[in-house]
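Please open the structure in your viewer and keep the sequence panel visible. This tour goes from stop to stop, saying what to select and what is there.

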Amino acid sequence: MSIQYTKDRKIISKRFTIEAIEDASANMSGLCLACGAERDCCEPNARCYPCEACGERLVYGAEEILIMGLVKS
């Protein structure tokens, strides 16, 4: 697996199960690519929202995470 980066060159360290992504989608939540925390009130195509847990601007919407291919196999 190669290292993936965000557009501002931050390393993406988290991958998510399909169940976690489906739950986030159903709850209109986003997931943080840095720490894995869930954030409420995110559009499916959210990008670079601030994480309330770690402070990084790496919260992405569930569908964006699928498009990015960040699903654990």
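The stops below begin with the whole chain and then turn to single elements and residues.

**Before you start**

This is a predicted model, in which local features need pLDDT of at least 70 and side-chain atom pairs count only at pLDDT 80 or more, while totals for chains, interfaces and linings use all residues. Residues are numbered from 1 along each chain as its sequence is written, and side-chain values use heavy atoms, with hydrogens and water left out.

**Stop 1: the whole chain**

Colour the protein chain by secondary structure. It has two helices and three strands. Here helices (H or I, at least four residues) and strands (E, at least two) are DSSP runs, numbered from the N terminus. Along the sequence, the elements of the protein chain follow the pattern α-β-β-β-α.

Next, colour by accessibility. Of the 73 residues in the protein chain, 32% are buried. Buried means under 20% relative accessible area, exposed means over 50%, and partly exposed is in between (1.4 Å probe, protein chains only). The accessible areas come from the Shrake-Rupley method with a 1.4 Å probe, and for residues only the protein chains shown count as cover.

**Stop 2: the sheet**

Select the three strands. In what order do they stand in the sheet? The order is E2-E1-E3, in an open sheet with antiparallel pairing. E2 and E3 are at the edges and have a single partner strand each, so one side of each has no neighbour in the sheet. Two strands are said to pair if DSSP finds at least two bridges between them. In general, strands of a sheet pair through backbone hydrogen bonds, either parallel or antiparallel.

Zoom in on E1 and E2. These antiparallel strands are joined by two bridges. Pick Leu31 and look across to E2, where its bridge partner is Glu38.

Keep Leu31 selected and add Cys42. The two are eleven residues apart in sequence, and their C-alpha atoms are 9.0 Å apart in space. Cys42 belongs to the loop between E2 and E3, and its relative accessibility of 2% makes it buried.

**Stop 3: the loop between H1 and E1**

Select Met28 and Ser29. Met28 lies in the loop between helix H1 (18-26) and strand E1 (30-32), and Ser29 is also placed in the loop between H1 and E1. Which of the two is buried, and which is partly exposed? Met28 is partly exposed at 41% relative accessibility, whereas Ser29 is buried at 2%.

Check the backbone of Met28 as well: it has a positive phi of about 55°, although it is not a glycine. From Ser29, draw a distance to Asp40. The C-alpha atoms are 4.5 Å apart, with the two positions eleven residues apart in sequence numbering.

**Stop 4: the loop between E2 and E3**

Move to Cys48, in the loop between strand E2 (38-39) and strand E3 (59-61). Cys48 has a positive phi, near 60°, and is a residue other than glycine. With a relative accessibility of 13%, Cys48 counts as buried.

**Stop 5: the salt bridge**

How many salt bridges does a search of the whole structure find? It finds one. A salt bridge is a side-chain nitrogen of Lys or Arg within 4 Å of a carboxyl oxygen of Asp or Glu. Select Glu64 and Arg47, whose side chains meet in a salt bridge (3.0 Å, N to O). Glu64 lies in helix H2 (residues 62-68) and Arg47 in the loop between E2 and E3, so the pair ties together parts that are 17 residues apart in sequence. Glu64 is buried, at 9% relative accessibility, while Arg47 is exposed, at 52%. In general, side chains of opposite charge can pair when their charged atoms come close.

Stay in helix H2 and pick Glu63. Glu63 is partly exposed, with a relative accessible area of 30%. Its C-alpha is 8.9 Å from that of Glu43, and the two are 20 residues apart in sequence.

**Stop 6: helix H1**

Finish on helix H1, where Ile18 is found. Ile18 is partly exposed, with a relative accessible area of 34%. Add Ser73: the C-alpha atoms of Ile18 and Ser73 are separated by 8.7 Å, although the residues are 55 apart along the chain. Then pick Glu22, which also lies in helix H1 and is partly exposed at 49% relative accessibility.
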